[in-house]
Amino acid sequence: METKVHEIADGIFRLSTYVPEIAPPAGFAFNSFLVRGEEPLLFHTGLRRMFPLNREAVARLIPVDKLRWISFGHFEADESGAMNEWLAAAPDAQVAHGQTGVMVSLNDTADRAPRILADGEVIELGGNKRVRYIDTPHTPHGWDAGVMYEESTGTLLAGDLFTQHGDHPALVHGGDIVTPAIAAEELFQYSALAPGMGSAIRRLAPLKPKTIALMHGPSFAGDGAAALHALADFYEKRAGDRWAELVQSKAA
Ligand SMILES: [Fe+2]
Ligand SMILES: [Fe+2]
């Protein structure tokens with residue numbers, strides 16, 4: 001296994017590890033993103049057992065002990081499993097996440113006290129980089145779920161939204177990221193299908209992201225608002241259909 005590093009927007013780097021054994025024959029990739037401000041931020045720690053690979057990849061970009069912020073979409077092995085390994089490797093690093101994540105999991109599981117981010121709160125990383133944290137509860141899964149938006153580049157760090165299987169180029173310009181996301185939803189059935197999923201995704205569209213950085217898939221440079229609306233349409237229909245089936249089965 002190797003971890004590939006590519007710059008997908010100015011000062012934002014994708015660290016990608018492809019595992020062919022997961023969901024064969026296409027396989028599955030795990031991506032973390034380093035935002036290289038004066039206070040560097042890592043979005044997704046990677047799996048605990050992949051820490052040596054990701055540490056070596058981050059070391060190609062910054063001295064690992066200079067990492068300042070650690071964040072992720074939600075508390076889960078691929079998103080946050082190596083959190084304490086990073087905290088040990090970088091003495092000034094702090095985990096930052098939404099109120100739910102900190103209260104439900106991170107206050108107990110993080111080896112140093114985390115920072116609570118309010119919905120919409122910004123961390124100034126210096127060097128022109130600023131990341132805004134946005135709550136997306138149960139979207140696509142996890143009560144604590146959230147995304148980050150880097151404002152200087154218009155990059156949405158979208159976590160598990162738009163998940164695809166397969167190995168992909170670091171950055172694609174245009175094209176369709178919705179159809180492959182629907183295929184992965186059909187395969188994995190990974191989303192909560194909560195009634196609020198569509199509106200949580202649609203709420204991100206006014207950001208008009210220029211780039212959407214997928215945790216599992218390529219980074220997409222194109223019409224981010226259109227892609228978000230299309231994904232919201234899909235989940236609203238899917239969740240609505242499931243509720244209708246349930247109501248029908250109860251009435252039968
Ligand atoms: Fe996840
Ligand atoms: Fe994930």
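Author: A donor is an N, O or S atom within 2.8 Å of the metal. The model discussed here is predicted.

Reader: What makes His-74, Glu-76, His-141 and Asp-160 donors of the iron ion (ligand 1)?

Author: Their atoms, NE2 of His-74, OE of Glu-76, NE2 of His-141 and OD of Asp-160, lie 2.0 to 2.2 Å from the iron ion (ligand 1). The cut-off is 2.8 Å, so these atoms count as donors.

Reader: Why is the site of the iron ion (ligand 1) called irregular?

Author: The angles among its four donor atoms run from 84 to 172 degrees. A tetrahedral site needs all angles between 85 and 135 degrees, and this range goes outside those limits, so the site is not tetrahedral. The site is classed as irregular.

Reader: Where in the chain do Glu-76 and Asp-160 lie?

Author: Glu-76 is in the loop between strand E5 (69–71) and helix H2 (77–80), whereas Asp-160 is in the loop between strand E11 (155–157) and strand E12 (171–173). The two residues are 84 residues apart, and the pair links distant parts of the chain.

Reader: Is Asp-160 buried or exposed, and how do you know?

Author: Asp-160 has a relative accessible area of 4%. Buried means under 20%, so Asp-160 is buried. Glu-76, at 33%, lies between the limits of 20% and 50% and is therefore partly exposed.

Reader: What connects the iron ion (ligand 1) with the iron ion (ligand 2)?

Author: Asp-160 coordinates both ions, which are 3.7 Å apart.

Reader: Which residues are the protein donors of the iron ion (ligand 2), and how do you know?

Author: They are Asp-78 (OD), Glu-79 (OE), Asp-160 (OD), Met-215 (SD) and His-216 (NE2). These atoms lie 2.2 to 2.7 Å from the iron ion (ligand 2), within the 2.8 Å cut-off, so they qualify as donors.

Reader: Why are Met-215 and His-216 called buried?

Author: Met-215 has a relative accessible area of 1%, and His-216 has 3%. Both values are under 20%, so both residues are buried.

Reader: Why does Ile-116 count as partly exposed?

Author: Its relative accessibility is 36%, which falls between 20% and 50%, so Ile-116 is partly exposed. Ile-116 lies in strand E7 (residues 115–117). Together with Met-103, Val-104 and Trp-143, Ile-116 makes a nonpolar surface patch of about 410 Å².

Reader: How do you know that strands E1 and E2 pair?

Author: Six bridges join strand E1 (residues 3–9) to strand E2 (residues 12–19). Pairing needs at least two bridges, so the strands pair. They run antiparallel, and Val-5 has Leu-15 in E2 as its bridge partner.

Key:
Residues are numbered from 1 along each chain as its sequence is written. Chains are lettered from A and ligands numbered from 1 in the order in which they are written. This is a predicted model: local features need pLDDT of at least 70, side-chain atom pairs count only at pLDDT 80 or more; totals for chains, interfaces and linings use all residues. Side-chain values use heavy atoms; hydrogens and water are left out. Donors are N, O and S atoms within 2.8 Å of the metal (3.2 Å for Na, K and Ca); water is not among the atoms, so sites may look incomplete. Buried means under 20% relative accessible area, exposed over 50%, partly exposed in between (1.4 Å probe, protein chains only). Patches are made of residues with over 30% relative accessible area and no salt bridge: like charges are joined within 9 Å, nonpolar side chains (Val, Leu, Ile, Met, Phe, Trp, Tyr) within 5 Å. Accessible areas come from the Shrake-Rupley method with a 1.4 Å probe; for residues, only the protein chains shown count as cover. A salt bridge is a side-chain nitrogen of Lys or Arg within 4 Å of a carboxyl oxygen of Asp or Glu. Helices (H or I, at least four residues) and strands (E, at least two) are DSSP runs, numbered from the N terminus. Four donors count as tetrahedral if all angles lie between 85 and 135 degrees; four count as square planar and six as octahedral if opposite donors are over 155 degrees apart and all others between 65 and 115; anything else is irregular.
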